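Let's take a walk through this fold together, beginning with the whole chain and then moving in on a few side chains. Keep the viewer open as you read.

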Amino acid sequence: MRSMSNMRVVATTYRFLAAALLTGGLALVAPHAQAAEVIPSMGMTRTPESGDETRISYGVAVRSNIAPMLAAEIGIGYRKDLLFSGTVESTQWPVTASLWAKPMPMMYVGGGAGWYNTTLHYPNTPLLASAT
């Protein structure tokens, strides 16, 4: 009986060691979760002819690492201005995309492209109510 009990203990020990090695190996090989950064923005602008009136623009961007030293960012914004003493309303929706190379934590180089959609709205003219 002792030999049968001893064989069960050895088999159980081998199963435990195999499960521990498999779990440890999977933990080492499993990909690390990559968190994305959500970056809100708010800007205040004033045109020379607006006096003390300040307009606020809003935006949000999402940035994430796509390689160990490379990050990508996509952003969208919103801005509305009154031009020519309120006769023209300008609405802008910039959409931008950027790549950031980060060789060291405190040093980066970036570049990107954007699509800047601008709509001009003429509130007091029925024929040309708006143009993009």
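What follows goes from the overall layout to the charged pairs, the aromatic rings and two single residues.

Please keep in mind that this is a predicted model. The chain contains one helix and six strands, and read from the N terminus the elements come in the order α-β-β-β-β-β-β. The helix thus opens the series, with the strands after it.

How much of the chain counts as buried? Of its 132 residues, 10% do. The accessible surface amounts to about 10600 Å², and carbon and sulfur atoms contribute 67% of that area. As for contacts, if you take those with a sequence separation of 6 or more, 33% of them link residues 24 or more positions apart.

Now turn to the charges. The structure has three salt bridges. One of them joins the side chains of arginine 63 and glutamate 73, with an N to O distance of 2.6 Å. Since arginine 63 belongs to strand β2 and glutamate 73 to strand β3 (residues 70-83), this bridge ties together parts ten residues apart in sequence. The two partners fall into separate exposure classes: arginine 63 is partly exposed, at 25% relative accessible area, whereas glutamate 73 has 14% and is buried, because the cut-off for that class is under 20%.

Another salt bridge pairs arginine 79 with aspartate 81, whose closest N and O atoms are 2.9 Å apart. Here arginine 79 is partly exposed at 27% relative accessibility, and aspartate 81 is buried at 8%. There is also a bridge between lysine 80 and glutamate 89, where the closest N and O atoms are 4.0 Å apart. In this pair lysine 80 is partly exposed, with a relative accessible area of 36%, and glutamate 89 is partly exposed as well, with 22%.

Next, have a look at the rings. Two aromatic pairs turn up in the whole structure. In one of them, the ring centres of tryptophan 100 and tyrosine 108 are 5.2 Å apart and the planes stand at 70°, so the arrangement is edge-to-face. Tyrosine 108 counts as exposed, at 54% relative accessibility. Tryptophan 100 has a charged partner too: arginine 63 lies over the face of its ring, 5.3 Å from the centre. Arginine 63 therefore appears both in this charge-over-ring arrangement and in the salt bridge with glutamate 73, where it is the strand β2 partner.

Let's go back to glutamate 73 and its surroundings. Which residues does glutamate 73 touch, not counting those up to four places away in sequence? They are Ile39, Ala61, Val62, Arg63, Thr96, Ala97, Ser98 and Trp100. The C-alpha atoms of glutamate 73 and serine 98 are 5.0 Å apart in space, although 25 residues separate the two in sequence. The side chain of glutamate 73 also makes a polar contact with that of arginine 63, at 2.6 Å.

Finally, find serine 57 in strand β2, which covers residues 55-67. Is serine 57 buried or exposed? With 17% relative accessibility, serine 57 counts as buried. Apart from neighbours within four places in sequence, serine 57 is in contact with Ser41, Met42, Gly43, Tyr78 and Arg79. Among these, Arg79 is already familiar from its salt bridge with aspartate 81.

Conventions:
Residues numbered from 1 in each chain as written. Predicted model: local features only at pLDDT ≥ 70, side-chain atom pairs only at ≥ 80, totals over all residues. Heavy atoms only, no water. Helix = DSSP H or I, 4+ residues; strand = E, 2+ residues; numbered from the N terminus. Buried < 20%, exposed > 50% of the residue type's maximum accessible area, 1.4 Å probe, protein only. Contact = heavy atoms within 4.5 Å. Areas by Shrake-Rupley, 256 points an atom, 1.4 Å probe, with all protein chains shown as cover. Phe/Tyr/Trp six-rings, centres within 6.5 Å; stacked < 30°, edge-to-face > 60°. Lys NZ or Arg CZ within 6 Å of the ring centre and 35° of its normal. Polar contact = N/O pair within 3.5 Å; in protein donor to acceptor, adjacent residues only side chain to side chain.
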